[in-house]
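Please walk through the arrangement of this chain, beginning with its interior and moving outward through the helices that surround it.

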Amino acid sequence: MTGPDIRSVLSGTAGLSVLVIISVVLTIARPHVSPDPGVRRRFLLILAAAIVGQCVHFAEELATGFHLRFPVLLGLSPWTLTFFVWFNLGWIVVWVLAAFGLRIGLVVALVPVWFLALALLLNGVAHPLMALREGAYFPGLYSSPLVGLLGILLLGGLRKLTHAEEPWA
């Protein structure tokens with residue numbers, strides 16, 4: 001058994017790397033988390049729904065072969081099932097840990113949450129476009145409207161949760 005093709009993995013996930021950079025910039029630009037427990041509680045409910053939505057999306061992608069079809073769409077070799085599963089499970093763990101971090105106001109926890117919001121939004125747009133390009137169902141299509149909507153809700157929640165300057169001082 002061989003490991004994943006590193007070129008395929010790095011090239012195929014390059015867009016996500018850009019989202020991580022944008023997430024760091026957004027965290028630096030809006031580093032203050034609301035001290036209001038009600039705001040945090042409402043946000044954490046949205047975040048929990050977003051994480052569950054991403055789990056549903058991942059399950060659809062896994063069941064329908066996204067790890068095989070997406071890289072090929074880009075002219076790359078398919079990803080191994082092992083890589084695809086560990087990559088997604090790793091991010092899910094990071095997002096759950098970020099939720100706990102945000103519960104106590106840990107600013108660094110914003111980075112993976114901004115990333116999740118942007119990735120959900122990207123999935124909501126990209127999967128229908130890939131299906132249109134293929135002229136048929138593309139893995140992840142059915143759950144993409146759900147995750148796209150959750151991405152919008154999460155971005156709105158982040159806007160309410162974070163601020164550029166400490167307005168409560």
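**The core and the helices around it**

In this predicted model, the largest nonpolar core holds 38 residues, of which F43, L47, L102, V113, L116, L154 and L158 touch the most other members. The elements that contribute two or more residues to this core are α3, α4, α5, α6 and α7, the last of these spanning residues 144–161. Among the contributors, α6 supplies the largest share of the core, with 11 residues. As a general background, nonpolar side chains in soluble globular proteins tend to be buried together.

One of the core residues named above, F43, can serve as a point of entry. Leaving aside residues up to four places away in sequence, F43 touches L102, V113, L154, G157, L158 and L161. The last residue in that list, L161, lies in helix α7 and counts as buried because its relative accessibility is 2%, under the 20% cut-off. The C-alpha atoms of L161 and F43 are separated by 7.1 Å, although the two residues stand 118 residues apart along the chain. With residues up to four places away in sequence again left out, the contacts of L161 are H32, V33, S34, V39, R40, F43, L102 and L110.

H32, which is among those contacts of L161, is found in strand β1, comprising residues 32–33. Is H32 buried or partly exposed? Its relative accessibility is 24%, and H32 therefore counts as partly exposed. H32 is also separated from G105 by 73 residues in sequence and by 8.7 Å in space, C-alpha to C-alpha.

The next part of the picture is a pair of helices. The axes of α3 and α5 are 10 Å apart, and the two helices pack at an angle of about 175 degrees, which makes α3 roughly antiparallel to α5. On the α3 side, the residues that take part in the contact are R40, F43, L44, L47, I51, Q54, C55, F58, E61 and L62, and they meet L81, F84, V85, N88, L89, I92, W95, V96, A99, L102 and R103 in α5. By residue type, this contact of α3 with α5 divides into 16 nonpolar, two polar and three charged residues.

Helix α4, made up of residues 66–73, has F66, H67, F70, P71 and L73 as its buried residues. They lie on the same side of α4, because the arc that they cover around the axis is only 155 degrees. What do these buried residues of α4 pack against? Their partners are α1 (6–12), α3 (37–64), α5 (81–103) and α6 (110–134). After α4 comes G75, whose phi is positive, near 80 degrees.

Two residues of helix α6 complete the tour, namely A119 and V125. A119 is buried, because its relative accessible area is 9%, under the 20% cut-off. In space A119 and G151 are 7.4 Å apart, C-alpha to C-alpha, while in sequence they are 32 residues apart. V125, by contrast, counts as partly exposed because its relative accessibility is 47%. The C-alpha atoms of V125 and S144 are separated by 7.5 Å, and these two residues are 19 residues apart along the chain.

Definitions and conventions:
Residues numbered from 1 in each chain as written. Predicted model: local features only at pLDDT ≥ 70, side-chain atom pairs only at ≥ 80, totals over all residues. Heavy atoms only, no water. Buried < 20%, exposed > 50% of the residue type's maximum accessible area, 1.4 Å probe, protein only. Helix = DSSP H or I, 4+ residues; strand = E, 2+ residues; numbered from the N terminus. Arc of directions from axis to C-beta. Contact = heavy atoms within 4.5 Å. Axes fitted to C-alpha atoms, helices over the stretch in contact; angles between N-to-C directions. Parallel < 35°, antiparallel > 145°, perpendicular 65-115°, else oblique. Nonpolar A, V, L, I, M, F, W, Y, C, P; charged D, E, K, R; others polar. Core = buried A, V, L, I, M, F, W, Y, C linked by side-chain atoms within 4.5 Å.
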